[in-house]
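Let's work through a handful of exercises together. Have a go at each task before you read the solution below it.

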Amino acid sequence: MSDVPLIDARGIVRHFGHVQALQGADFSVGRGEIVGLIGDNGAGKSTLIRILSGTDRPDDGKIRVNGELVHFNGPQDARAVGIETVYQDLALAPDLDAAANVFLGRELVIPGLLGRLGVLDKSRMIRQTGEAMGRLGVTIRPSAEVFTLSGGQRQSAAVARAAMWATSAIFMDEPTANLGVIQTKGVLELIRRVRDAGKAVVIISHNLPQILEITDRIVILRLGRTVGQVAASAASVDDLIRAMMSGVLRSQAA
């Protein structure tokens, strides 16, 4: 990884009326790294991710991408620098096929007059989706309608969509919630493949054993502040719980 973080957020502050959701939070992630973002309910995790993905704006603080200061006025600004987000509800259209979901909002049209009339190039979208899924080891048929897919397959489709468009980082909110053991294993393997392809991955999860298994590094929030970070290999579930509850992390990362 480069010495310059791919995404570096410093002193992020966000108020909602009299409620301070973030009180100077810091966060960074490097290319080819999986970082877990944890904290108790109300710690500010979701608010921070919304800010870093462009769906919310901070009241104070600075965000840099590849060392360049950025200001996100909406999700389109975050996408423009290669940041994609997989929300817990996946945001998939069940009546469309996997390829149509991957290209939702980015549809390809047939060249020429038909394209100017809005005729979609479905075969090209199916082919490109199949190629992207193949690179990630996803075995879903691009022409399969989403409502026919299992929970794990839908999650894989959402991750593949994000991976296809992300050039820098992917944020994932509870990526294995409500999945069975086998489906969870498949999604975790997919996340590793996304990381190995050189992208940064940020995971929010309450599943601490899983966070220790899948991440390279863990950042802990408490009451809107970053209380520490630690290499996953140097921490235990008890260490993470203690940090979440007290703000004291026994083994800090270098």
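Which glycine follows α1, and is its phi positive or negative? Glycine 54 comes after α1, and its phi is positive, near 90 degrees.

A quick word on the ground rules: this is a predicted model, so local features need pLDDT of at least 70 and side-chain atom pairs count only at pLDDT 80 or more, while totals for chains, interfaces and linings use all residues. Residues are numbered from 1 along each chain as its sequence is written, and side-chain values use heavy atoms, with hydrogens and water left out. Helices (H or I, at least four residues) and strands (E, at least two) are DSSP runs, numbered from the N terminus.

**Exercise 1. Work out how helix α1 sits and how covered it is.**

Step 1: find the helix at residues 45-52, lying across β1, β2 and β4. "Lying across" rests on contact, meaning heavy atoms within 4.5 Å.

Step 2: check its direction. α1 runs at about 120 degrees to β1. Axes here are lines fitted to C-alpha atoms, for helices over the stretch in contact, and angles run from 0 to 180 degrees between N-to-C directions.

Step 3: look at burial. Buried means under 20% relative accessible area, exposed over 50%, and partly exposed in between (1.4 Å probe, protein chains only). Six of the eight residues of α1 are buried, which leaves the helix mostly covered. They are Lys45, Thr47, Leu48, Ile49, Ile51 and Leu52.

**Exercise 2. Lay out the sheet that contains β1.**

Step 1: get the order. Four strands make an open sheet, β2-β1-β4-β5, with antiparallel pairing. Two strands pair if DSSP finds at least two bridges between them. As background, strands of a sheet pair through backbone hydrogen bonds, either parallel or antiparallel.

Step 2: spot the edges. β2 (19-29) and β5 are the edge strands, each pairing on one side only.

Step 3: check the twist. On average, neighbouring strands of this sheet are turned by 30 degrees against each other, direction ignored.

Step 4: zoom in on one pair. β1 and β4 run antiparallel and are joined by five bridges. Arginine 10 stands opposite lysine 62 in β4.

**Exercise 3. Describe the surroundings of arginine 14.**

Step 1: place it. Arginine 14 belongs to strand β1 (residues 7-16).

Step 2: decide whether it's buried or exposed. With a relative accessible area of 15%, arginine 14 is buried.

Step 3: follow the side chain. It reaches the backbone oxygen of arginine 57 at 3.0 Å.

Step 4: list the company. Leaving aside neighbours within four places in sequence, the contacts of arginine 14 include Val19, Leu22, Thr47, Ile51 and Asp59.

**Exercise 4. Which faces of strand β6 are covered, and how does β6 pair with β7?**

Step 1: recall that in a regular strand the side chains alternate between the two faces of the sheet.

Step 2: apply that to residues 83-86. Ile83 and Thr85 on one side, and Glu84 and Val86 on the other, are all buried, so both faces of β6 are covered.

Step 3: add the partner. β6 and β7 (residues 169-173) pair in the parallel sense over four bridges. Threonine 85 has phenylalanine 171 of β7 as its bridge partner.

**Exercise 5. Compare how helix α6 packs with α7 and with α5.**

Step 1: take α6 (residues 151-165) and α7 (residues 181-196). They pack at about 10 degrees, with axes 9 Å apart. That's why the two are roughly parallel to each other; the label is for angles under 35 degrees, whereas over 145 is roughly antiparallel, 65 to 115 roughly perpendicular and the rest oblique.

Step 2: name the contact. Among its residues are Gln155 and Val159 of α6 and Val187 and Leu190 of α7. The whole contact divides into five nonpolar, five polar and no charged residues. (Ala, Val, Leu, Ile, Met, Phe, Trp, Tyr, Cys and Pro count as nonpolar, Asp, Glu, Lys and Arg as charged, and the others, Gly among them, as polar.)

Step 3: turn to α5 (residues 122-136). The axes of α5 and α6 come within 10 Å and cross at roughly 100 degrees, which makes α5 roughly perpendicular to α6.

Step 4: see who meets whom. Gln128, Ala132, Met133 and Leu136 in α5 meet Ala157, Ala160, Ala163 and Met164 in α6. This contact has seven nonpolar residues, one polar and no charged.

Methods:
A polar contact is a pair of N or O atoms within 3.5 Å; within protein, one must be able to donate a hydrogen and the other to accept it, and residues adjacent in sequence count only if both atoms are side-chain atoms.
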